[in-house]
Each structure stands twice: as C-alpha cells, then as structure tokens.
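Subject: Structure handover

Hello,

I am passing on the structure we spoke about. Please look through it first; my notes on what was found follow below.

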Amino acid sequence: MPFAVDRRDIEDTVVVAVRGELDIGTAPDLRVALMEAIERQPDGRIIADLEGLEFIDSAGLGILIGGRKRAQAGGGDLVLVSTGRNVAKILELTGLMRVFDVYSSVSDAREAARPD
Amino acid sequence: MKFWPGSPFPLGATYDGVGTNFAVFSEAAERVELCLFEPDGTETRIPLTEMAAWVWHGYAPDIGPGQRYGYRVHGPYDPGQGLRCNPSKLLLDPYATAIDGEVQWNESLFNYRFDDPENSFNDDDSGPSMPKAVVTSPYFDWAHDRPPRTPLDDSVIYEVHVKGFTQQHPGVPENLRGTYAGLAHPASIDYLLNLGVTAVELLPVHQFIHDSHLADRGLRNYWGYNSIGFMAPQNDYAASTQPGGQVQEFKWMVKQLHAAGIEVILDVVYNHTAEGNHLGPILSFKGLDNAAYYRLVDDDRRFYYDTTGTGNSLNMRHPHVLQLIMDSLRYWVTEMHVDGFRFDLASTLARQFHEVDRLSAFFDLIQQDPVVSRVKLIAEPWDVGEGGYQVGNFPPLWSEWNGKYRDTLRDYWRGEPQTLGEFAARFTGSSDLYEDDARKPSASVNFVTAHDGFTLHDLVSYNDKHNEANGEGGADGESHNRSWNSGVEGPTDDPEVLEIRARQQRNFLATVLLSQGIPMLLGGDEMGRTQGGNNNAYCQDNEISWFDWEHRDGDLLAFTQRLIAFRRAHPVFRRRHFFHGESLGAAGPDIAWFRPDGTEMTEQDWASGFGKALSVFLNGETIPSPDARGQRVLDDSFLLLFNAHHEPLEVTMPEERWGARWVRVLDTADAFNEGEAVEAGQTTKIDARSLALLRRTG
C-alpha cells in the first residue's frame, strides 16, 4: 500500500489517517498534516488513525511525539487509533503505549473524548 | 515567521520531530541573531531574545531538517582586549551537526582590509561566502547495530583516509568513490576483511576548511587537521548531495563496518581550529566569543597562544570549551556509533597553563565520563610546545602512538648502530615506558609509518624527502626520517635494489605484527603505496596520496594477510602482560634472548656495538593471563631470528632445553628457507637483512 495521509473533520475532531510505510522519507508529510490540524484548531483534539499503517520507524515516532507535545501546549491533544500488530508492538517496545491514549477505533476515540 | 522562546538546552540546533530549538553560547555578545537561509540564498534574521547563563536560545516551530542557518553576534570589537564581535560576519554554530558548502575565500571573511591589517576594520557581509550549518534529523535506522568491542590486545589498526582509499578503486561504483558510502561498499569491506585488520582509524572526518594559502597554490587540505565543525562529518566525503545527507551516510558506513566486525576509530583534532592566528578568517569561535574559546597571549590579547604550530590553541581552561569537546566526543559515540578516538597533538589538550599535566581537567573529564571512558582512546603524545614530547606519560586508560618504537625500528632495519637493548624493549611492548604505572603492552601502538611521513614503500626507497609538489620549494616536512633508499634514490629497475626494498618492507611489517602491543598499519603500506617520496602530503588531494589499486603489490599484500592471520592465530604475540624474563616453573622463562652463537645474551652483549643480530625465544606455555573463561592459554613456542646485517649469518640453535626441533614457518627473505627443520645445537642460515620465525615442534 503506498503511503498516504488523509485529513477529515468529524464535528469538532480532526482525524488524520495514515496508510503505508511511515519512515524518514514519508514522515515530513505527516508532520505537515498534523501541523495544519493544530493550526486550525489549537485547542482541538486530533485523532491520528494508524490502522492502515504497515511500518513505522523512529522518524515517524518522533513526529507523533512532537505533534502531541505541540497539541498539548495549545490546550488540545493528540490520540492514536491502532490495532495492527506491527505498530502496536513498536509502541509497546518503546514505552509509548503508556504515553499516548490509544484506541481501537475512531468512534471509540471520539466516544472517550465526550464529557460524561 | 513564528518564533518561540525555546530552551537553552541542548546546545545546537535540535529537531524534535516537529520544530527546531536553537541554542548557542556567547558571553561576549550583546545581541545574537539567528540567520535562516533559503535555497536561493535569501537570509532571514531572527533576534534571539532569550538568554540564560550566556546561552542564547529560541524555538522555530516550522523549521526542520535541511534548513540552513548561521549566527551573527553584536558586541564589542576590541582586538587588543581579545574581543572580536562583528555582526557583518556570518558564524557557524560550534554544535552544527552538518555543514553545507565550502568557504569562498575573499576579504569579506576577515575583520580587516588586506592592505592594512593593523588598523582597518572590515564590515563586508561574509554571509554569501560562508558555508552554512544545517539542521539534521537525528533519526536513523540502526537496526541491530552493536559495537564490535574488539579487545585492544587483539586489535590490528589500519590508518586510512576516507577519500584516498576508494577514490581510484575500480570495484567501487564511480559515484561512490572517495566517499563514506565508498568505504562502506562491499568491495572495500571485503578487502579489509581479507587483510584481517580489526579497526579503521580514519584521518579527520570532522568538518574542516580548505585553507586559503593552499587554495592560492591550487592545492587542498587533504588530511583535514583543520577542524571547524566538531559534530559535523566532512561534507565533501559524502556521495549524498542533500544538505545534511552526510550524517545519514556516515551512520550507514559505521553500520556496514560494524556488521563486518570492523571498528571505527576517528582521528580527532581538538587542539586548534581552522580560524588561524590574529590574521586568520572569522568563521565561528572568534566571532562568537574569542576570549572564551581561545588561549590568548597574557600580556597582549590580540595574539593567540600557539603550541600546535597552527596559529591558535583552544582554551582548555574554559568550561564551555571543555563541554564542547566532551559533547562532541559523546555525540560521535552515542549518535554516530564510533568505537574510539585518536587525539591529534594530545599534549596540547593536557596543557593547563604552560606545562603538560597528567592531572589536567581534560584527563579528569575523560576518566569520569560514562561514555567516553569506555571507548578506545589513543593519544598522539606530543606537540610542539615546551616539554611536548610525552611518550609514556599518558594515564592508564590511554594507548599512545609509540614514536620511540617507530624510530628504533627504522634505525634497526637500516643498519644504524644502536643498542640491542633498545630494540628488544620496543619489540616486547616498551615496558620501560608503560609498566611503571601498571599499564599493559596495549598502551603501546606500534607503527613504523603513519600518514605524517613516508609511506612504507617510500621509507625503503628514499633517503630524502621530495616535497616539491607542496609548493614550498621542498622545504616543508620532516628532514630526519631515518630512512634508507636501499641503494638508489627513488624509482629504479635495478633488480637487486628492488629485492632489498621488497625484503625491507616485509621486515618492517613482520616486526610490527610480531611485536607485543597494538600494531598499526598505514593504509596502503600492505600494497606498496608510494607518494613518490613526498613525506608531507597533507595538501595533495590527488594521485600522490590516493591508493593506486591498479599498481598494487600483490605479493606484499598476500604476505601481510598471512602475517595478520598468523598474529591473530597465536596469542603469544599479543600477550596482555609484559614478559618477566624469569623462570616460571617447569616450562622455563617466558622469554629469552640469544646471540647468533646460540648462547644467552649477557649484560655485556646488550650494550655491545655490534647490535645487528639476535634471536628471541617466546614461550607459548607461560602466557600469564587466562582466557575469558579463566582457562590457561596455551600456544606454540617460537624463536625469532633477526639479522639487520648486510650479509647472511650462520645462527646456532640454542641447546635442547629450549626446544629439540624447530621448523621455519616464516621468512622475510623471499621464503628463503621456509619449511626447513633444524635441531638444537645445529646451525641454520639467515639471509642478509631478514627475519625468520621458527616454531618449536619437539
């Protein structure tokens, strides 16, 4: 699957969906998409949907971490959607599973954000 | 452009995945501007308004890898007081991890006008003529890279120039020749593996400057002892043409060499910078904070204190200078994965005030550093200052280029009168230099040639240096080389002379590889590389210096491969401890020395004038240090017969208790008598100027 980043708005959340291989070559595209999302709604909640991701390297992880830091600095947040084995394993090994809020679907992620 | 306060730590340009933090030290500055450059050269200046403890900083949320940048510093300009701030000069970041472009030499790089160096001030913008620092990405897929961690005692070091090694290598694709990627190419790595070396020691790869006085003569700085970027890999050794691509390529090279089990040691030059003396260019440190970075002359701070003969010396008394050096060393170990360092003119680094001090701050810092203290540390133990020759005086963690070893071996094989005691001390690891402070034979890096001086081929082909190509009328370079041309100066087709030269090269290689200590080969010596008698090819970035693969000496190469394999197979040649010379039980002494008549050397023999032939017995059954599992190490026992005389010699084998029967396993006299067996008390012939190695078989 070729690398692609899509952005769509669902009500007040921005969903950035990534497909293919996220590495040092493709990571800048994700960075642009995340920064645009944060720009549009600095205190908003961004969901990075990694379901279609086949591979992620340290450059990709760096952008997710940087994106989360930037979003939180403005009062927003960046959460992940991921169930795939490959990506989950990397998040587990690097300890990022405990840093990010990770959900099994976009609707779960949106649900979790809703005030009780 | 968006710009946020950022953080004063870490120093340099740090990309965090989305934006870049900039931080630079200057106590002299009143204001600092960050200058960002577009690909077309357009410059945007952003004032760094935040400062903490003299570190000026800011965060650019939209800036990432590939961005080119520099600094401009506003502050006092008063050279007499050691202050040289001049905002018209674009300055390189001392912490730049990559540098793009080369210096374009012109007057704008200087603080003065060429027609009036003493009294003028130059405020021409140097920006267009300066290389630029580049923001780099720290991310790299190291996969399963791990350091080989070859024990020092088992190491064979190969000193080599990144560019010269493959610039003319027919097996390396043209676009990769002369580059990091070229050294990482399978053709290069196979060669190193077949040779058997365990580590490459690379001539400087920190970004350096091609000096203007060389450019004026159509020459370039080839060796690179002229650093300006202590975190940045030299950009013109990269095949990659992307700004910052040299970092990824360097890492790739290390990864490939490690995968082959080969370590990477860097020759590092922290004693001075490329900014020269008071008339030198303004590239970085001078403009940032001249008095912090450099040692200035106490009673006239316009001038630079110089113990290196290069114009300036870094100020090892300043905390930010020490920090820069330690940060640089750690960066190359933790981020670039290198395995050790060889410190150029290391005595300079240990100078506290004027004298060289073993307890200097520099050594203390290295000793305490959790990263740097664990890699290989090799000193070039001299500089040109007072008391600068310090062989044997470095602290226990360190190994040293053993200049006395080089001089003694050269004199021995060219037949100069000297005491055999001196030769014996060098051959056995120089315990006289190192044992008194509990150092081991691995403290001694044994070599006869290095980049600075004749190649091995030229050492046996020239009495005198031939440096005309360097453009100084042949006056530069060392004049006292202890070399011998074997009968004719330079190229010849006289077969007798050629035979002597071939044999002398084998003598040197065999002695180095059979000595106790760490052997170091100058890259190319194993294939007869010549520089046409040039013993100071620092400025010869051309065929004079580059490996000539087409005309390589295949016989010598095969001989060297055999020698290295032999050393690696026999632990008696790489003992971890010095010899005692005393009897250690039934197996007898660990070492014994004999005269050609087969009797043991006496006190008188050691001092005698006829110091050209001797034999040494190495006992393979008395190696004192156990292996990694605590088991006793057993090896064969050997007898080495040395004859530096110009005539053959009859040598009587020692009496039977030293060995009943011996087989000649190696002979530098063109396989003179290899395979021949000889018994105790019998005589055997050893050819003129040769070395024979006999293995005990009974």
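B:W54 sits in the loop of chain B that runs between β5 (50-52) and β6 (55-60). Please bear in mind that this is a predicted model. The phi angle of B:W54 is near 65°, which is a positive value in a residue other than glycine. With a relative accessibility of 36%, B:W54 counts as partly exposed.

B:R482 has a positive phi too, near 55°, and is likewise a residue other than glycine. Its place is the loop of chain B between α13 (456-459) and α14 (495-514). B:R482 is partly exposed, at 23% relative accessibility; the class of partly exposed residues begins where buried ends, and buried means under 20%.

There is also a backbone point at the start of chain B. The peptide bond that leads from B:F9 to B:P10 is cis, and its omega is near -5°. B:P10 belongs to the segment before β1 (12-15) of chain B. Why list these backbone angles at all? Because most residues other than glycine have a negative phi, and most peptide bonds are trans.

Salt bridges

Over all chains, the structure holds 46 salt bridges. Three pairs in chain B are described here, followed by a network.

The pair B:R72 and B:D125 forms a salt bridge in which the closest N and O atoms are 2.9 Å apart. B:R72 is part of strand β7 (residues 68-74), while B:D125 is in the loop between β10 (99-100) and β11 (132-134), so this salt bridge ties together parts of chain B that are 53 residues apart in sequence. Is each partner buried or partly exposed? B:R72 is buried, its relative accessible area being 0%, whereas B:D125 is partly exposed at 35%.

B:D605 and B:R595 meet through their side chains in another salt bridge, at 3.2 Å from N to O. Helix α16 (residues 603-607) of chain B contains B:D605, and the loop between β22 (591-594) and α16 contains B:R595; the pair therefore ties together parts that are ten residues apart in sequence. B:D605 is buried, with 13% relative accessible area. B:R595, at 28% relative accessibility, counts as partly exposed.

In the third pair, the side chains of B:E676 and B:R664 meet in a salt bridge with an N to O distance of 3.9 Å. B:R664 is in strand β26 of chain B and B:E676 in the loop between β26 (661-667) and β27 (677-679), so placed that the pair links distant parts of the chain, twelve residues apart. B:R664 is buried, at 2% relative accessible area, and B:E676 is partly exposed, at 28%.

Which residues are joined into one network by salt bridges that share partners? They are B:E102, B:K163, B:R220, B:D236 and B:D541.

A contact in chain B

B:A187 is a residue of helix α3 (residues 186-195) of chain B. Apart from neighbours within four places in sequence, B:A187 is in contact with B:H169, B:G171 and B:V172. B:H169 is 18 residues from B:A187 along the chain, and their C-alpha atoms are separated by 8.7 Å.

Chain A

Chain A is built from four helices and five strands. Read from the N terminus, its elements come in the order β-β-α-β-α-β-α-β-α. The radius of gyration of chain A is 13 Å and the globule rule gives 13 Å for 116 residues, so chain A is as compact as a globular protein of that length. Along the principal axes, its C-alpha atoms fill a box of roughly 35 × 25 × 25 Å.

Of the 116 residues in chain A, 47% count as buried. Among contacts in chain A with a separation of 6 or more, 67% are accounted for by residues 24 or more positions apart. Chain A exposes about 5800 Å², and carbon and sulfur atoms supply 49% of that area. Chain A carries 14 positive and 20 negative charges, and the mean positions of the two sets are 3 Å apart.

Regards

How values were computed:
Residues are numbered from 1 along each chain as its sequence is written. Chains are lettered from A and ligands numbered from 1 in the order in which they are written. This is a predicted model: local features need pLDDT of at least 70, side-chain atom pairs count only at pLDDT 80 or more; totals for chains, interfaces and linings use all residues. Side-chain values use heavy atoms; hydrogens and water are left out. Helices (H or I, at least four residues) and strands (E, at least two) are DSSP runs, numbered from the N terminus. The radius of gyration is taken over C-alpha atoms; the globule rule is 2.2 Å times the number of residues to the power 0.38. Buried means under 20% relative accessible area, exposed over 50%, partly exposed in between (1.4 Å probe, protein chains only). Contact means heavy atoms within 4.5 Å. Accessible areas come from the Shrake-Rupley method with a 1.4 Å probe; for residues, only the protein chains shown count as cover. Lys and Arg count as positive and Asp and Glu as negative; His and the chain ends are not counted. The place of a charge is taken as NZ of Lys, CZ of Arg, CG of Asp or CD of Glu. A salt bridge is a side-chain nitrogen of Lys or Arg within 4 Å of a carboxyl oxygen of Asp or Glu.
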